[in-house]
Amino acid sequence: MLKSLRDKHGLTILLITHDLGVVAQTCDRVGVLYAGTLVELAAAASLFRGPKHPYTQGLLAALPRPGSRGAELAAIEGQVPSGLAAITGCPFAARCARVFEPCRELKPMLLEVAPGQRVACHLYAPEEAGR
């Protein structure tokens, strides 16, 4: 229904959801937020085909797959940071399996890593971490 309304009336729709199935079926572009910070921005097809940020990768790995009924779902280890605590560095650093020192100290910049795909992660710009 959202897609038909969008197309019929030439609308732009901002959809805020945790339901990645709805995102995949409805959205042209996707912004992934973690702890209130934009960590990845891409065309929906690009994001689902090749997520770049470790948080986005974890979200997609946690989706149930056909034929996996009864199997344990993947989970992202750790806890979401408290909204009251100040975050230094990457907001995902405490939960990231690929964390390295710059992640804990410097907030990563949102950089284009592929045409139309931006990610805020030191893994894609270690030279930025040295600044």
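In this predicted model, Asp28 and Arg6 form a salt bridge in which the closest N and O atoms lie 3.2 Å apart. Asp28 sits in the loop between helix H2 (20-26) and strand E1 (29-34), whereas Arg6 belongs to helix H1 (residues 2-9), so the pair ties together parts that are 22 residues apart in sequence. Asp28 counts as exposed, because its relative accessibility of 52% is over the 50% cut-off. Arg6, in contrast, is buried, with a relative accessible area of 16%.

A further salt bridge joins the side chains of Arg6 and Asp7, with an N to O distance of 3.0 Å. Asp7 is exposed, at 53% relative accessibility. The structure holds 2 salt bridges. Through shared partners, Arg6, Asp7 and Asp28 are joined into one network. Side chains of opposite charge can pair when their charged atoms come close.

The protein as a whole contains 6 helices and 4 strands. Read from the N terminus, the order of its elements is α-α-β-β-α-α-α-β-β-α. The chain has 131 residues, of which 30% count as buried. Along the principal axes, the C-alpha atoms fill a box of roughly 50 × 40 × 30 Å. Where contacts between residues at least 6 apart in sequence are considered, 35% of them join residues at least 24 apart.

The largest nonpolar core has 15 residues, and Val30, Val32, Tyr55 and Phe92 touch the most other members. Two or more residues of this core come from each of E1, strand E2 (37-43) and helix H3 (44-49). The contribution of E1, 3 residues, is the greatest. With residues up to four places away in sequence left out, Phe92 touches Tyr34, His53, Pro54, Tyr55 and Ile76.

Thr56 is placed in helix H4. The relative accessibility of Thr56 is 2%, and Thr56 is therefore buried, the cut-off being under 20%. Outside the residues up to four places away in sequence, the contacts of Thr56 are with Val32, Glu40, Leu47 and Pro51. Val32, one of these partners, is also among the core residues that touch the most other members.

The largest pocket has a volume of about 920 Å³. Its lining consists of 30 residues, and those nearest the pocket centre are Leu15, Thr17, Val23, Val30 and Gly31. At least two lining residues are supplied by each of H2, E1 and helix H4 (54-61). E1 provides the largest share, 6 residues. By class, 20 of the lining residues are nonpolar, 6 are polar and 4 are charged. Strand E1 thus appears both in the lining of the largest pocket and in the largest nonpolar core. Val30 likewise lies near the centre of the pocket, being listed with the nearest lining residues, and Val30 is named among the core residues with the most contacts to other members.

The second largest pocket has a volume of about 170 Å³. It is lined by 13 residues, with Pro54, Gly58, Phe92, Arg95 and Ala97 closest to its centre. This lining divides into 8 nonpolar, 2 polar and 3 charged residues. Pro54 and Phe92, both listed here, also touch each other.

Apart from the open pockets, the count of cavities of 30 Å³ or more comes to 1. The space in the largest cavity is about 50 Å³. Its lining is made up of His53, Pro54, Cys90, Phe92, Ala93, Cys96, Cys103, Pro108, Cys121 and His122. Of these lining residues, 8 are nonpolar and 2 are polar, and no charged residue is present. Phe92 therefore recurs across several features: Phe92 lines the largest cavity, is one of the residues closest to the centre of the second largest pocket, and is one of the core residues that touch the most other members. His53 and Pro54, which also line the cavity, are both among the contacts of Phe92.

Terms used:
Residues are numbered from 1 along each chain as its sequence is written. This is a predicted model: local features need pLDDT of at least 70, side-chain atom pairs count only at pLDDT 80 or more; totals for chains, interfaces and linings use all residues. Side-chain values use heavy atoms; hydrogens and water are left out. On a 1 Å grid over the protein atoms alone, a cavity is a set of points where a 1.4 Å probe fits but cannot get out, and a pocket is an open set with protein on both sides within 12 Å along at least five of seven lines; lining residues have an atom within 4 Å of a point. Grid points are joined across faces, edges and corners, and a volume is the space filled by probe spheres set on the points. Ala, Val, Leu, Ile, Met, Phe, Trp, Tyr, Cys and Pro count as nonpolar, Asp, Glu, Lys and Arg as charged, and the others, Gly among them, as polar. A salt bridge is a side-chain nitrogen of Lys or Arg within 4 Å of a carboxyl oxygen of Asp or Glu. Buried means under 20% relative accessible area, exposed over 50%, partly exposed in between (1.4 Å probe, protein chains only). A nonpolar core is a set of buried Ala, Val, Leu, Ile, Met, Phe, Trp, Tyr and Cys residues joined through side-chain atoms within 4.5 Å. Contact means heavy atoms within 4.5 Å.
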